[in-house]
Amino acid sequence: MKQRKIPLRMCINCREMKPKKEMQRLVKAADGSVNIDPTGKMPGRGAYVCKDKECVTTAKKQKRIERAFGVSGCDYLYEALFEIVVESSDKNRAEESSDKNRAEEGGDKSTSVETGEKIMTRETNDKSANG
Ligand SMILES: [Zn+2]
């Protein structure tokens with residue numbers, strides 16, 4: 001049996017070399033716009049980021065896409081990436097819960113970074129009925 005070399009691509013964020021299937025390709029088109037490349041075959045200058053929630057989060061914080069392509073305002077790309085990585089991680093999970101409502105995940109006890117959630121305490125209004 002022959003073992004083919006797996007083509008590796010470097011993540012623009014963590015700089016790790018990973019197989020293409022574990023990466024999401026981004027491409028800068030001729031007109032200068034940067035897009036998600038779902039097929040991995042779009043013409044233009046390409047860059048890769050891990051299909052990993054934490055990696056996308058960090059990439060957004062560090063503006064990795066902007067830096068990689070020399071552009072600005074790529075928030076929509078990070079949003080799209082999030083959808084892709086969340087979806088793919090959902091598929092990996094077994095369909096254990098038969099909940100109708102797909103609640104946002106947040107019950108993770110692992111050491112993931114919390115997204116700055118603050119518990120808002122509501123001030124109870126005093127009833128000033130006495131006049
Ligand atoms: Zn990465």
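Tutor: Welcome! In this predicted model, a strand is a DSSP run of E with at least two residues, and strands are numbered from the N terminus. With that in hand, Arg15 can be placed in the loop between strand 1 (8-10) and strand 2 (17-19).

Student: Why does Arg15 count as exposed?

Tutor: A residue is exposed if 12 or fewer other C-beta atoms lie within 10 Å of its own. Arg15 has 8 C-beta neighbours inside 10 Å, so Arg15 counts as exposed. Its backbone is worth a look too: Arg15 has a positive phi of about 65° although it is not a glycine.

Student: And what makes Lys63 partly exposed?

Tutor: Here the count is 15 other C-beta atoms within 10 Å. Partly exposed lies between the exposed limit of 12 or fewer and the buried limit of 20 or more, so Lys63, with its 15, is partly exposed. You will find Lys63 in the loop between helix 1 and helix 2. Lys63 is a residue other than glycine, and its phi is positive, near 55°.

Student: Where do those helices come in the overall pattern?

Tutor: Along the sequence the pattern reads β-β-β-β-β-α-α-α. That gives 5 strands and 3 helices in the protein.

Student: How do you know that strand 3 pairs with strand 5?

Tutor: Pairing needs at least two bridges found by DSSP. Strand 3 and strand 5 have 6 bridges, in the antiparallel sense, so they pass that test. One example to look for is Leu26, whose bridge partner in strand 5 is Ala47.

Student: What about strand 3 and strand 4?

Tutor: They pair in the antiparallel sense as well, over 4 bridges, and at least two are required, so this is a pair too. Arg25 has Asp37 in strand 4 as its bridge partner, while Leu26 stands opposite Ile36 in strand 4. The hairpin of these two strands has 5 residues between them, and there Gly32 takes a positive phi near 95°.

Student: Why are strand 4 and strand 5 said to stand at the edges?

Tutor: Picture the open sheet first: 3 strands in the order 4-3-5, with antiparallel pairing. Strand 4 and strand 5 each have a single partner strand, so one side of each is left without a neighbour in the sheet. From one strand to the next, the twist averages 30°.

Student: Which residues have the most contacts inside the largest nonpolar core?

Tutor: They are Cys11, Ile12, Val49 and Ile65, in a core of 19 residues. Strand 3 (23-28), strand 5 (45-50), helix 1 (53-62), helix 2 (64-69) and helix 3 (75-92) each supply at least two residues of this core. Strand 5 gives the most, with 4 residues.

Student: What makes a residue such as Val49 a contact of Cys11?

Tutor: A contact needs C-beta atoms within 7 Å. Leaving aside residues up to four places away in sequence, Cys11 touches Glu16, Lys18, Met23, Tyr48, Val49, Cys50 and Cys55, so the C-beta atoms of Val49 and Cys11 meet that cut-off.

Student: How much of the protein is made up of buried residues?

Tutor: Buried residues are 20% of the 131 residues. As for contacts with a separation of 6 or more, 54% join residues 24 or more positions apart.

Technical notes: Residues numbered from 1 in each chain as written. Predicted model: local features only at pLDDT ≥ 70, side-chain atom pairs only at ≥ 80, totals over all residues. Core = buried A, V, L, I, M, F, W, Y, C linked by C-beta atoms within 7 Å. Contact = placed C-beta atoms within 7 Å. Axes fitted to C-alpha atoms, helices over the stretch in contact; angles between N-to-C directions.
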